[in-house]
Structures are given as structure tokens and as C-alpha cells.
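Welcome! Let's take a friendly walk through a protein structure, one topic at a time. Keep the picture open beside you as you read.

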Amino acid sequence: MSEQKNTNPNKGKKPEQGGKNPMKFGMNWMYILIFIMLGAIFFTNRNNNTTTKEIDWTEFQKLVRDNSFSELNVNLNDYKIVAKIKPQFVTSILGVDSVGTLNNPFMSKPEPTVSVIIPSPDRFSDFYDKAVAEYNIDAKVKYEDGHNLLWTILLNLLPIFLLVFLWVFIMRRMSGGGGSGGVFNVGKTKAQIYDKSSPDAKKITFKDVAGLSEAKQEVEEIVDFLKDPAKYTNLGAKIPKGALLVGPPGTGKTLLAKAVAGEAEVPFFSLSGSDFVEMFVGVGASRVRDLFRQAKEKAPCIVFIDEIDAVGRARGRNPNMGSNDERENTLNQLLTEMDGFGSNSGVIILAATNRADILDKALLRAGRFDRQINVDLPELNDRKEIFKVHLRNIKIDESVDTEFLARQTPGFSGADIANVCNEAALIAARNGKEFVQREDFMNAVDRIIGGLEKKSKVTTVEERRTIALHEAGHATLSWMLEYANPLVKVTIVPRGKALGAAWYMPEERQITTYEQLQDEMCATLGGRAAEELMLGKISTGAANDLERVTKQAYAMVVYYGMSERLPNINYYDSSGQDWGFSKPYSDETALLIDEEVKRIINEQYDRAKSILTEYSDNHRALTEVLLEKEVIFADDLEKIFGKRKWLSRSQEILEQQQLNNPDEAAKELLDNPEKEEELKENGTDNETPVSE
């Protein structure tokens, strides 16, 4: 059978290729029709107005003598009089009843009038004076300079314009912010599209993303597929349909997704999970369908959904508490669309969230989001790279060391580091400096962690000494305990909500031992112990310390199994179900947990008092230095206590090994066997810990 030929030359062609573009019905056509209808109603009623009649001068004189008018409006410029007819004379003069025939709902009902052209205002004045003298006339006479016809028309059309404006405003508000199409555009996607032709497109590459080396390696395969899909499809491989970026806020999930689009040089659809949700039923599902329709038209492309937990929350959780049917319908449509296109169609779905535990399991299964890429808080080397990126546009001097800054900011995200650099530049500019110095960065870190410095806060002499004893207690224990975090500086200047503060340089470790937790708790309790020993009384200044210690002790018992009476037991639910509304242990076990928490805290509190008693003279000397200088550093403690014995040369080599010179560090250990033996005796491994 022969194949039938296509005789329509425009079939299959796009409008820009010469095909016919059928006229689409839009909201603009509705606006035009409404204006035409309103104008027709207005002008039709004006032409058919039977409440006004033009008469001649002779008839007007007769009606005046009969006292038929209640008011006479004399236009001096047009030589025209508009006279209002008394109700009892309307029928005899106009031939209609007093109600009239004007049925325009948009205009007020006019009074029955007659109009007449007069010879002159003087002629009318002479006539009216004689008529008043001879007849019983009670009509009021008003003289006017004239009126603008255009102004009259505008006043008549004003109600129509207000009604149309109000209607258009409501329609645009219903569409979620407007755009052409009005209410008919409410089901369209709100995704922003970035490609080469976008005027505000800024190409972001992996060079702009510091750190995240493992995460970048995961997404490089997606970029490679978009650039050269045949490399994978020829072998029968299928690229993952979607990748979910999971991590804390500010770690660079959105930046990484934009870098993927910049490297692949493909269209990039960006929107938030909340953009799908609307007050109208079915709008979210409609926007999902429109998003994937546009994505397929622009394939290969990347669709990035930020904060997907806004629409991807697990369905059916806590059904007794009620659920959002519209959100679940949107999620169902999203699940369907992600299954509705082939793996090699060129559409890659990227999503980001910091709450992966609450996402629906169907959304995370293979075939939808095949990969979960963890974007964690940057570690030491990553923070160094991030600092280098943000310091490109900042004028710094030789005192600024990125390694030192990276060590001073443990637990900081990429966004926090960017904020530190900006705050340091602001502080330097405020002080009139030409360059941003190391001191400015330290002040910026203090400002972000502790809050604004409040030197003007009024404290008594007794309060000031109590604060100094408290902070000196922390500093003494952190210096004398093996696993306590090394001290950087101590201050008694109020900052934020704190009356004093101590800054430490925590080790970045992956695991924490029982002994390390004990030393950290003991150092935290040093402030309260110092108050009790030196003053014989305690204050409310240790509230934050007690909160931290209580949580840490509870975690040791309930989560880590570090209790003598409850060993090797964990009551933490990592699935996120949180055991429903009941605890996973009995009341007797709860009592036992409370007793163990109290025991652990009391043991470390007694230990803190014992150490402070042993070094009481050094503690008093440190307090006096702190009262004198207000801010002291590690060098001041070394003058009072001597060199910290727990910092060995092997640990310094390990620090160097963790940084930029692993070969040099390894060589030094090989050349000095006694240092390697010292390393083994101290039980220190070559992993860099992270404070918990």
C-alpha cells in the first residue's frame, strides 16, 4: 500500500517556520468586549433619554409664569437655561411620569428638566424680574460661567472605569501575581528559565563552587551525559532521572545545581516547592504538568526544585490530625510526571532539601530520585577553599591567613563564611582602614557567634568579678584537661545576651570517645564550679552551660549507650517516626535514665571542683589578669599555667598532615622514630575530629 502524502504545506510547522498561527482567545479580548458593551449601554441610554426636553423661548416664558420650575440654572457663556421641572408638571410638559425611562444601572437617575436658548442674560433677567413681580414664582435662579463637556463625560464614565479596574485587579490577584492571561494563566508554571538567551543569565561553573568535592564528583556524570549522551546510550546505560541534594541550610545546594546547568550549557528551570501550592483546587497539579511539558520541549534541560519538602512531604502521616488534599494531589501528579518520561529523554530533575527524613518514600525510590547527594557542612580544607573564593574581591593584607580563618570557623556553612568575609570588610571600612586585616576577621567571627559587643552595659564590681571567675574557670579546665578544646581567647566584655564568653578551637573529629565527652562536660561546668569554690555561692550565669551539659549527658545515656546501668542501648529513632506519641521505654527505665544523667553530671562537677582546688592560685591569677585586660588569649594562659602538656609535637605533625603538606609530615615522622612512638603512646590516630 502506498503511503499517503501530506498535502498541507503548513502541517507540522511552527509559526516562526511559516505555519499558520491560529488566533487564540485571551483575556484582552474579554476586556475589549466588556468596554464595548458598557459603552453601548451608556451612549444608548443617553440618546434615548426622555427626561430632558428642549423648548423655545416663548414656551419657556409661559411655563415660568405658570410656576412650573423649581430651579433655573443660567449658563452665561452658552446663553442656555436648564430648568428643573416640579413633579406635578412633569407629565404635562414631557409626556412621561416622574420616574422617567433611564435604566442605566451605572449612572444616577437624573431629574426631569427642560433646556432653552435665551436671547441674552440681560433679556432673561428683565423678564424674570417682571414675572416675579406679577406672578407667584418661587423658582431658584443660579448663574454659571459654563462647564466643560469633556469633564462631564469623564464624570459620567468614572463609575465604569472604577468597576473595570476593580475587576481586572481581582482577576490578576487570583492568578497569583499577574502576567498576561489573567485568571486563565493560574495553572501555568512559575518556573524561571535560564539559558544562553536570558538577559540576566550568569554562567556559574564548578570553579565558583568551593569545596564539595565529593558532591561535585557525583553530579559531573550528569553534566557529562547532557554534553555527550551517546557515550552512555550506546552502551545501554541510563542516566539517573533525578538527583536529590540533601544537606543543612547554606551549604551550597542551590549553587551546585546552578553550576551543573552552567557546565552543561542547557536550559535551567528553577522554582521552589511552594510555587506549586495555590489556594485553588487542582492548580498545583496543573503547574506540575505545565512544567514538565515545557521541560520536554526544551530538552535536554535541567529542572531544579528547591525546598521540595514543601510539596513532597510524606502522605498519610498523622491522618487523625488532618491532611492537605491539594498538596497530596500535587505530589501525586509530580510522581506521575517523573515516571512519565524516558530516562534518555534529556530531562534531569534536581531537587534540594534539608529535611529529607519527611519526604514521601515514593518520591525517593529508584526511578524518580535515583541518587541522594549529601552536601554536608564543609570541613577544614573545604572551608579554606571557600574562604579563598570569597576573598577574591576583598582587599586584604599579609596578616590574613586562610588556614587560620578556616580553623576559627568550625561548623560554619558556606553562607556563614560569606557572611564572615562581608562583616570583616564592613568592620574594616567602619574603622577607616585601607585593607581588611586578621583582627577584622576575628571580630567578625566574634560578632556572628556571640553577637554585638556591648561595652556600655552597666555591671557592678561584684558582678564583674563573678563573671571573671566564671570565665577563668572555663579557661583553667580547658587548659588542664587532655581532651578539652584548646582555648583561643576569653573576654568579660558583654556580647549579645552573654555577659562573658570563651572561644575555643575545637578539633574536627568524626567520632567522639567517652573520655572526650567527659572532659568537655567538665570544662563546661568549670564556670559554675569556680563560682561555688571562690565565692561560696552560685549565680544564674551558668544557665547556658547547664543546658548544654544536660543535653550532652542525656544523649550519652539514651542515644550513645554510654551508661554503666544502661549500656549498649539506643532509644533514638532514625526513621523520623519518633515512636508516635509514647516513649520507647517504661517509667522505671525513665527513672533510671534520670538517675544516670544526674550521676554523670555530678561526677564531672566534682571533678571540676577538684581540679580548680588544685590550681586555685593559678585560677586567681588568671582572674586578676582578666579583670585588668578584659580580653586575654592563649599566650596569657601559657604565662600563668605553663605550656599545655597535652599538645605534643606528634599532634602538630598530624595537623600539618591534615592540611597542605602530607608528604613533609610523613617524612618528619619517618626521620624521627621517637616521635612516632610518642604518637602511639598518646593513642592519637590520624583522623581529624569534628566537635559534636
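Here is a short briefing on two sheets, the helices beside them and a few single residues.

Please keep in mind that this is a predicted model. One open sheet has five strands, in the order 1-4-3-2-5, and another open sheet has three strands, in the order 13-12-14. We will take each in turn, with a pair of helices in between.

**The five-stranded sheet**

- The pairing in this sheet of five strands is mixed.
- Which strands sit at the edges? They are strand 1 (52–54) and strand 5 (140–144), and each of them pairs on one side only.
- From one strand to the next, the twist averages 20°.
- Look at strand 3 (residues 80–85) and strand 4 (residues 113–117): they run antiparallel and are joined by five bridges.
- For a single example of pairing, find lysine 84, whose bridge partner in strand 4 is threonine 113.

**Helices that pack on this sheet**

- Helix 2 (residues 57–65) packs on the sheet and touches strand 1, strand 2 (69–75), strand 3 and strand 4.
- The direction of helix 2 makes about 140° with that of strand 2.
- Helix 4 (residues 121–134) packs on the sheet as well, touching strand 2, strand 3 and strand 5.
- The direction of helix 4 makes about 170° with that of strand 5.

**A pair of helices**

- Two packed helices are described by the angle between their axes and the distance between the axes.
- The axes of helix 17 (residues 461–480) and helix 18 (residues 514–524) come within 8 Å and cross at roughly 155°.
- Why is helix 17 called roughly antiparallel to helix 18? Angles over 145 degrees count as roughly antiparallel, so the crossing angle of roughly 155° puts this pair in that group.
- Helix 17 brings His474, Leu477 and Ser478 to the contact, while helix 18 brings Cys522, Ala523 and Thr524.
- The residues of this contact divide into three nonpolar, three polar and no charged.

**The three-stranded sheet**

- In this sheet of three strands, the pairing is antiparallel.
- Its edge strands are strand 13 and strand 14 (631–633), each pairing on one side only.
- The twist averages 15° from one strand to the next.
- Strand 12 (residues 487–491) and strand 13 run antiparallel, joined by four bridges; in strand 13, tyrosine 504 is the bridge partner of leucine 487.
- Strand 12 also pairs with strand 14 in the antiparallel sense, over three bridges, and there lysine 489 stands opposite phenylalanine 633 of strand 14.
- Strand 13 (residues 501–504) has two faces: Ala501 and Trp503 are on the covered one, and Ala502 and Tyr504 are on the uncovered one.
- Helix 23 (residues 634–641) lies across strand 12 and strand 14, and runs at about 70° to strand 14.

**Cysteines and one aspartate**

- How many disulfides are counted? The count comes to zero.
- Are cysteine 301 and cysteine 421 buried or exposed? Buried means under 20% relative accessible area, so cysteine 301, at 0%, counts as buried, and cysteine 421, at 1%, counts as buried too.
- Aspartate 594 has its place in helix 21 (residues 587–614).
- With a relative accessible area of 41%, aspartate 594 is partly exposed, because that label covers values between the 20% and 50% cut-offs.
- Aspartate 594 and alanine 553 are 41 residues apart along the chain, and their C-alpha atoms are separated by 9.9 Å.

How values were computed:
Residues are numbered from 1 along each chain as its sequence is written. This is a predicted model: local features need pLDDT of at least 70, side-chain atom pairs count only at pLDDT 80 or more; totals for chains, interfaces and linings use all residues. Side-chain values use heavy atoms; hydrogens and water are left out. Two strands pair if DSSP finds at least two bridges between them. Axes are lines fitted to C-alpha atoms, for helices over the stretch in contact, and angles run from 0 to 180 degrees between N-to-C directions. Contact means heavy atoms within 4.5 Å. A disulfide is a pair of cysteine sulfur atoms within 2.5 Å. Buried means under 20% relative accessible area, exposed over 50%, partly exposed in between (1.4 Å probe, protein chains only). Angles under 35 degrees count as roughly parallel, over 145 as roughly antiparallel, 65 to 115 as roughly perpendicular and the rest as oblique. Ala, Val, Leu, Ile, Met, Phe, Trp, Tyr, Cys and Pro count as nonpolar, Asp, Glu, Lys and Arg as charged, and the others, Gly among them, as polar.
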